Amino acid sequence: MAEMGSKGVTAGKIASNVQKKLTRAQEKVLQKLGKADETKDEQFEQCVQNFNKQLTEGTRLQKDLRTYLASVKAMHEASKKLNECLQEVYEPDWPGRDEASKIAENNDLLWMDYHQKLVDQALLTMDTYLGQFPDIKSRIAKRGRKLVDYDSARHHYESLQTAKKKDEAKIAKAEEELIKAQKVFEEMNVDLQEELPSLWNSRVGFYVNTFQSIAGLEENFHKEMSKLNQNLNDVLISLEKQHGSNTFTVKAQPSDNVPAKGNKSPSPPPDGSPAATPEIRVNHEPEPAGAATAGATLPKSPSQSSLPAVVVETFSATVNGTVESGSGAGRLDLPPGFMFKVQAQHDYTATDTDELQLKAGDVVLVIPFQNPEEQDEGWLMGVKESDWNQHKELEKCRGVFPENFTERVQ
C-alpha cells in the first residue's frame, strides 16, 4: 500500500506540473495577443540586461585568458627547444658551457612558474567569478515562470469576481491560490532585486584585480627573463672574445654575399678564395724577342676590383711588353680585351638582365668594362667560355657577375 501511495503521489505531482505548464502557456498566449495584461518591472528588466551583458563579457574574458595561457605554454615549449638546441651545439671544451646550461634551466623554471601563477591568480579567480552566474541565471528563469503563475492566478481570480454567477467557494480558492503565487514570486523577486545590482557592481573590482594580476605577473616575468638573457649574452660575448675568429671560421652562403651593384663595400668571397686579392707578378729578367708568344712568365692582369679597367689594360700591355696568358687583342680564340679566366665556385642566380647566370664550375673570360665608370666594386665583366666558343659575339654573351663567387684560374 505504501508503494502504491508513493506512486500515486508521483503521478499526482507529474499531473500538477503538466497542468502548470499548460496554464503558463495559455497565459503567455493571451498576453501576447493582448487579451491579458502582464506585470512589468522595468527596473528588474534592466538588471537582467546588465546580467546578460556581464555574463557575455566574463565568458569572453575567460576564453581569451585560456587562449593566453595556451600561448604562454607554447612559448615555453619553443623556448625550451631553442635552449636545448644551444646545449647541443655548445661544444664541451667551450668556456661558459656550465653557465649556459644553468641559464637554460632557470629559463625553463621561470616559464613554468609564470604559467602556474597565471593559473592560480587569474584563471582560477576567473572560474570562481563565472561560477555564480549559472545559479542566478536559473533563478531569473524561475522568477519569470512564477511571474506568469502569479498573473494567471490574478486573472483567474478577477474573472471569477466579475462573473455573472458568482461561486464564493471558487472565488475563495482562487484568492488563496493568488496569495500563494504572489508570495512565491515576491520572495524570489526581492532576492534577485538585491543580488543583481550587487553582482553588476562587482565587475569593476573583479576586472581591476584580474588585469592587475596579469600585468604584475608579466612584468616580473619579463624582468627576470631579461636578466637571464643578459647573462646568456655575457657568456656568448666571453666565448667570442676568448676564441676569436681564428678558431671559428663561418663560411657565408653565396646568397648572403652578393655585392650590391653600386655598393662600394662588397662582402668577402664566400670561401676565402683569392679572387678578391689579385696577384701581380712582374718578370724582371730580360727576354728574347718573341717571348710573348712562347708562354714566358709574365705579370697576370690584376682584378678589376683593384684597378680601373683602363689602367689594367694599359698595365697589361706594357709590363715587359707581354702579359701571361696574353692580351686578347689579336687572338681570334679569345674575346677582345681578354684579361684572365675565372671559375665559378658557387651557383649565382642573376637578378638583372645585365648579369651572368653562373653554375659552379663555369669558366668565365674576364674582359674590361666599355665604360670604366660603370664598374661597381666587387663586380667583373665577362663572358662564359662556353657561350663565347658557341657564339663569338660579346653583345649577346657578356655580362657582369660578383667576383667573390669565382676564383681566378689563369
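Is the crossing of helix 2 and helix 4 left-handed or right-handed? In this predicted model, the two helices cross in the left-handed sense. Packed helices in general are described by the angle between their axes and the distance between the axes. Here, the axes of helix 2 and helix 4 (residues 133-161) come within 12 Å and cross at roughly 150°. Angles over 145 degrees count as roughly antiparallel, so that label fits helix 2 and helix 4. On the helix 2 side, the residues that meet helix 4 are Phe44, Val48, Phe51, Gln54 and Leu55; their partners in helix 4 are Phe133, Ile136, Lys137, Ile140 and Arg143. Sorted by class, this contact has 7 nonpolar, 1 polar and 2 charged residues.

Helix 2 itself covers residues 42-89, and glutamine 87 has its place there. With a relative accessible area of 19%, glutamine 87 is buried, because the cut-off for that word is under 20%. Leaving aside residues up to four places away in sequence, glutamine 87 touches Arg97, Ala100, Ser101 and Ala104.

Now for the strands. Strand 3 (residues 379-384) has 6 of its 6 residues buried, so it is largely enclosed by the rest of the structure. Both of its faces are covered, with Trp379, Met381 and Val383 buried on one side and Leu380, Gly382 and Lys384 buried on the other. Strand 3 pairs with strand 2 (residues 363-367) in the antiparallel sense over 4 bridges, and in this pairing lysine 384 stands opposite valine 364. Strand 3 also runs antiparallel to strand 4 (residues 399-402), joined to it by 4 bridges. There, tryptophan 379 sits opposite proline 402 of strand 4.

Technical notes
Residues are numbered from 1 along each chain as its sequence is written. This is a predicted model: local features need pLDDT of at least 70, side-chain atom pairs count only at pLDDT 80 or more; totals for chains, interfaces and linings use all residues. Side-chain values use heavy atoms; hydrogens and water are left out. Buried means under 20% relative accessible area, exposed over 50%, partly exposed in between (1.4 Å probe, protein chains only). Two strands pair if DSSP finds at least two bridges between them. Contact means heavy atoms within 4.5 Å. Axes are lines fitted to C-alpha atoms, for helices over the stretch in contact, and angles run from 0 to 180 degrees between N-to-C directions. Angles under 35 degrees count as roughly parallel, over 145 as roughly antiparallel, 65 to 115 as roughly perpendicular and the rest as oblique. A crossing is left-handed if the near helix is turned anticlockwise from the far one by less than a right angle, and right-handed if clockwise. Ala, Val, Leu, Ile, Met, Phe, Trp, Tyr, Cys and Pro count as nonpolar, Asp, Glu, Lys and Arg as charged, and the others, Gly among them, as polar.
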